[in-house]
Amino acid sequence: MAFESLSEKLQNVFKNLRGKGRLSEDDVRIGLKEVRLALLEADVSFKVVKDFIKGIQEKATGSDVLNSLTPAQQVIKIVNEEMISLMGSETAELKIKPSGEITVIMMAGLQGAGKTTTTAKLAAKLKKKGNSPVLVGCDIYRPAAIEQLKRNGEKVDVPVFDMGTNRKPVEIAKKALEYAKENHHNIVFLDTAGRLHIDEDMMNELIEIKDNVNVDDIILVVDAMTGQDAVNVAETFNEKLDITGVILTKLDGDTRGGAALSVRAVTGKPILYVGMGEKLSDLEQFYPDRMASRILG
Ligand code: GDP
């Protein structure tokens with residue numbers, strides 16, 4: 001199960017605190033040191049951990065907490081609240097324009113992160129809510145990518161627009177918008193090309209699409225299993241492209257939890273959804289409070 005080890009460690013810390021009855025400032029400090037270690041072992045970014053612990057320490061060592069009848073409960077409550085706020089507090093919603101208008105969503109991410117799969121998952125979800133999406137194959141470098149998009153589109157009954165591999169992605173995106181207008185689609189998903197690593201050509205291509213097509217949202221797909229790498233990727237994409245938000249994939253296989261806990265704090269952008277499996281129905285809205293409960297047990 002995801003985050004098992006982190007959960008277990010945090011629960012142990014809390015158990016120890018609860019077992020003490022009255023708490024001294026030192027008890028809290030030692031407890032928080034253990035929390036800090038558990039978070040670092042879960043691959044949460046160093047700076048995120050530092051700020052997180054500092055914030056809790058200030059609140060949890062106040063006399064109102066230490067002198068209360070249930071000091072351990074108060075400390076746990078503070079950890080819970082800070083963890084929710086670390087992950088963004090509110091559930092972030094993707095805004096779809098009112099009917100008659102087209103929302104253009106550019107999907108970006110490194111190869112293998114799960115971008116093509118996630119595009120189909122998200123389109124299916126929005127279709128269920130009454131939208132009419134179309135998927136657009138902008139990855140002209142790997143013919144297999146367009147084929148995969150088509151297969152996924154078929155599975156979720158969402159059409160795919162493509163122009164093969166001989167046109168520039170920005171040109172395909174422009175034509176796709178015309179196609180969407182003519183065929184009354186209200187959401188256009190641009191499935192862009194990924195690379196194994198961030199490189200300048202890829203970024204420039206994405207920037208060119210952004211600058212030339214009326215892109216409303218840029219959603220970055222990152223693989224949660226890559227931990228801090230996922231967070232670094234998100235930070236770079238956000239600097240270059242000013243992304244709207246992140247979808248974390250493969251959370252079902254993420255045993256540590258570092259990406260989920262760091263992405264929001266590092267980029268300032270919300271986690272919109274999480275991928276929980278390979279099936280095209282395995283996409284869940286991200287709820288910071290539920291995630292915190294899952295982690296804190
Ligand atoms: P792309 O190169 O970014 O377009 O990645 P793909 O969409 O081809 O996905 C790469 C692999 O990750 C595929 O085998 C997907 O089935 C798998 N995948 C994508 N999302 C998830 C997820 O949330 N959980 C799991 N377990 N696998 C996923």
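**Exercise 1. In which loop does Asp157 lie?** Describe its backbone and its exposure as well.

Solution. Start with the placement: in this predicted model, Asp157 sits in the loop that runs between helix H7 (143–156) and S3. Next, look at the backbone, where Asp157 has a positive phi of about 60° although it is not a glycine. As background, most residues other than glycine have a negative phi. Finally, consider the surface: Asp157 has a relative accessible area of 56%, and because exposed means over 50%, Asp157 counts as exposed.

**Exercise 2. Find Ser89, and decide from its relative accessibility whether to call it buried, exposed or partly exposed.**

Solution. Ser89 belongs to the loop between helix H5 (71–86) and S1. The phi of Ser89 is near 60°, which is a positive value in a residue other than glycine. The relative accessibility of Ser89 is 38%, and since partly exposed covers values between 20% and 50%, Ser89 is partly exposed.

**Exercise 3. Work out the strand order of the open sheet, and name its edge strands.**

Solution. The open sheet has eight strands in the order S3-S2-S4-S1-S5-S6-S7-S8, and their pairing is mixed. The edge strands, each of which pairs on one side only, are strand S3 (160–161) and strand S8 (283–285). Within the sheet, strand S6 (residues 245–249) and strand S7 (residues 271–275) run parallel and are joined by three bridges. To place one of these residues, take Ile247, whose bridge partner in S7 is Tyr273.

**Exercise 4. Determine which strands helix H6 and helix H8 meet.**

Solution. Helix H6 (residues 115–128) lies across strand S1 (103–108), strand S2 (133–137), strand S4 (187–191), strand S5 (217–223), S6, S7 and S8, and H6 runs at about 170° to S4. Helix H8 (residues 169–182) also packs on the sheet, where H8 touches S1, S2, S3 and S4, and the direction of H8 makes about 155° with that of S2.

**Exercise 5. Locate Lys269, and find what its side chain reaches.**

Solution. Lys269 has its place in the loop between helix H11 (258–267) and S7. The relative accessible area of Lys269 is 15%, and because buried means under 20%, Lys269 is buried. Its side chain reaches the backbone oxygen of Ile243 at 2.7 Å. Leaving aside neighbours within four places in sequence, the contacts of Lys269 include Asn238, Asp242, Thr244 and Arg264.

**Exercise 6. Trace the surroundings of Arg36 in helix H2.**

Solution. Arg36 is part of helix H2 (residues 25–41), and Arg36 is partly exposed, with a relative accessible area of 32%. Apart from neighbours within four places in sequence, Arg36 is in contact with Phe46, Val49 and Ile53. For one of these, Val49, the separation from Arg36 is 13 residues in sequence and 6.4 Å in space, taken from C-alpha to C-alpha.

**Exercise 7. Which residues come nearest to the ligand?** Give the atoms that approach its oxygen atoms, too.

Solution. There are 18 residues around the ligand, of which Gly112, Lys115, Thr116, Thr117 and Glu278 come nearest. A polar side-chain atom of Thr117 is 2.5 Å from an oxygen atom of the ligand, while for Lys121 a polar side-chain atom is 3.5 Å from an oxygen atom of the ligand. From the backbone, an N or O atom of Gly275 lies 3.3 Å from an oxygen atom of the ligand. As a last step, consider the cover: the ligand on its own has 580 Å² of accessible area, and the protein covers 80% of this.

Key:
Residues numbered from 1 in each chain as written. Predicted model: local features only at pLDDT ≥ 70, side-chain atom pairs only at ≥ 80, totals over all residues. Heavy atoms only, no water. Helix = DSSP H or I, 4+ residues; strand = E, 2+ residues; numbered from the N terminus. Buried < 20%, exposed > 50% of the residue type's maximum accessible area, 1.4 Å probe, protein only. Contact = heavy atoms within 4.5 Å. Pairing = 2+ DSSP bridges. Axes fitted to C-alpha atoms, helices over the stretch in contact; angles between N-to-C directions. Polar contact = N/O pair within 3.5 Å; in protein donor to acceptor, adjacent residues only side chain to side chain. Near = heavy atom within 4 Å. Areas by Shrake-Rupley, 256 points an atom, 1.4 Å probe, with all protein chains shown as cover.
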